[in-house]
Amino acid sequence: MTATQTELFSKIEKVIQNFNFENIAEDRKLVLQPLVDFIQNKVNNNQEIRLNLICTHNSRRSHLSQVWAQTAAAYYDVKNVFCYSGGTEATALFPMVAQTLTNQGFQITIIEEGVNPVYSIKFSENAHPVIGFSKTYDDSFNPQSQFAAIMTCSQADGGCPFIAGAEKRIPITFEDPKAFDNIPQQAEKYEERSIQIGTELFYVFSQIKK
């Protein structure tokens with residue numbers, strides 16, 4: 001991987017060093033290619049890059065994707081990248097997601113308590129934190145136009161054939177770690193999914209030519 005211009009927290013750097021792009025199957029790289037093309041086109045035209053990572057409940061995969069995408073953009077120094085997340089319904093960011101990211105080196109604080117807490121998720125001392133909370137994909141917090149809708153789960157992908165305002169709709173689905181909730185392997189499986197998402201999104205940004 002190339003050197004980063006944004007200094008990430010050291011524990012995150014160690015996690016990233018274990019990302020192995022060779023583990024991404026060729027057919028999976030074909031799934032990722034439309035996102036590479038979308039970002040590259042924006043870079044070529046010196047335009048802002050808005051990514052809305054979407055899943056059903058905006059509680060697990062979409063948040064992991066949002067956080068890793070924003071981190072990857074900083075790592076590879078791809079400018080003007082703004083990552084969001086949303087769901088077909090709003091619930092809450094699942095606590096195990098926050099715990100998993102904390103274990104992998106992110107600094108997370110709750111900035112608003114409640115049934116749908118708001119989290120500050122930092123990957124670097126000086127970079128703007130990712131603001132994590134559950135919301136619908138068309139919530140006013142998210143962009144209303146000129147963005148790519150990245151469908152991170154098959155249920156949302158099938159249930160939302162049309163995303164208003166999206167320039168591009170790109171399905172990049174992941175298996176749901178929710179299947180392992182309340183069993184001894186829960187923490188291990190959430191870490192595995194986070195590593196997969198991180199690896200694939202870092203691969204995407206590694207392909208961008210500036």
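Tutor: A cavity is a set of grid points where a 1.4 Å probe fits but cannot get out, and its lining residues have an atom within 4 Å of a point. The model discussed here is predicted.

Student: Which residues line the largest cavity?

Tutor: The lining consists of Leu 53, Ser 65, Ile 150, Thr 152, Ile 172, Phe 174 and Leu 201.

Student: What makes the lining divide into nonpolar, polar and charged residues as it does?

Tutor: Leu, Ile and Phe count as nonpolar, whereas Ser and Thr belong to the polar group because they are in neither the nonpolar nor the charged list. The lining therefore has five nonpolar, two polar and no charged residues.

Student: How many cavities of 30 Å³ or more are counted?

Tutor: The count is one, and the largest cavity has a volume of about 30 Å³.

Student: Why are β6 and β7 called paired?

Tutor: Pairing requires at least two bridges between two strands. Strand β6, residues 147-151, and β7 share five bridges in the parallel sense, so they pair. Within this pairing, Ala 149 stands opposite Arg 169 in β7.

Student: What is the order of the strands in the open sheet?

Tutor: The four strands run in the order β2-β1-β6-β7, with parallel pairing. The edge strands are β2 (81-87) and β7 (166-171), each of which pairs on one side only. From one strand to the next, the twist averages 25 degrees.

Student: How do you know that the direction of helix α3 is opposite to that of β2?

Tutor: Angles between N-to-C directions run from 0 to 180 degrees. Helix α3 (residues 61-75) makes about 180 degrees with β2, so the two directions are about opposite. Helix α3 packs on the sheet, touching β1 (49-55) and β2.

Definitions and conventions
Residues are numbered from 1 along each chain as its sequence is written. This is a predicted model: local features need pLDDT of at least 70, side-chain atom pairs count only at pLDDT 80 or more; totals for chains, interfaces and linings use all residues. Side-chain values use heavy atoms; hydrogens and water are left out. Contact means heavy atoms within 4.5 Å. On a 1 Å grid over the protein atoms alone, a cavity is a set of points where a 1.4 Å probe fits but cannot get out, and a pocket is an open set with protein on both sides within 12 Å along at least five of seven lines; lining residues have an atom within 4 Å of a point. Grid points are joined across faces, edges and corners, and a volume is the space filled by probe spheres set on the points.
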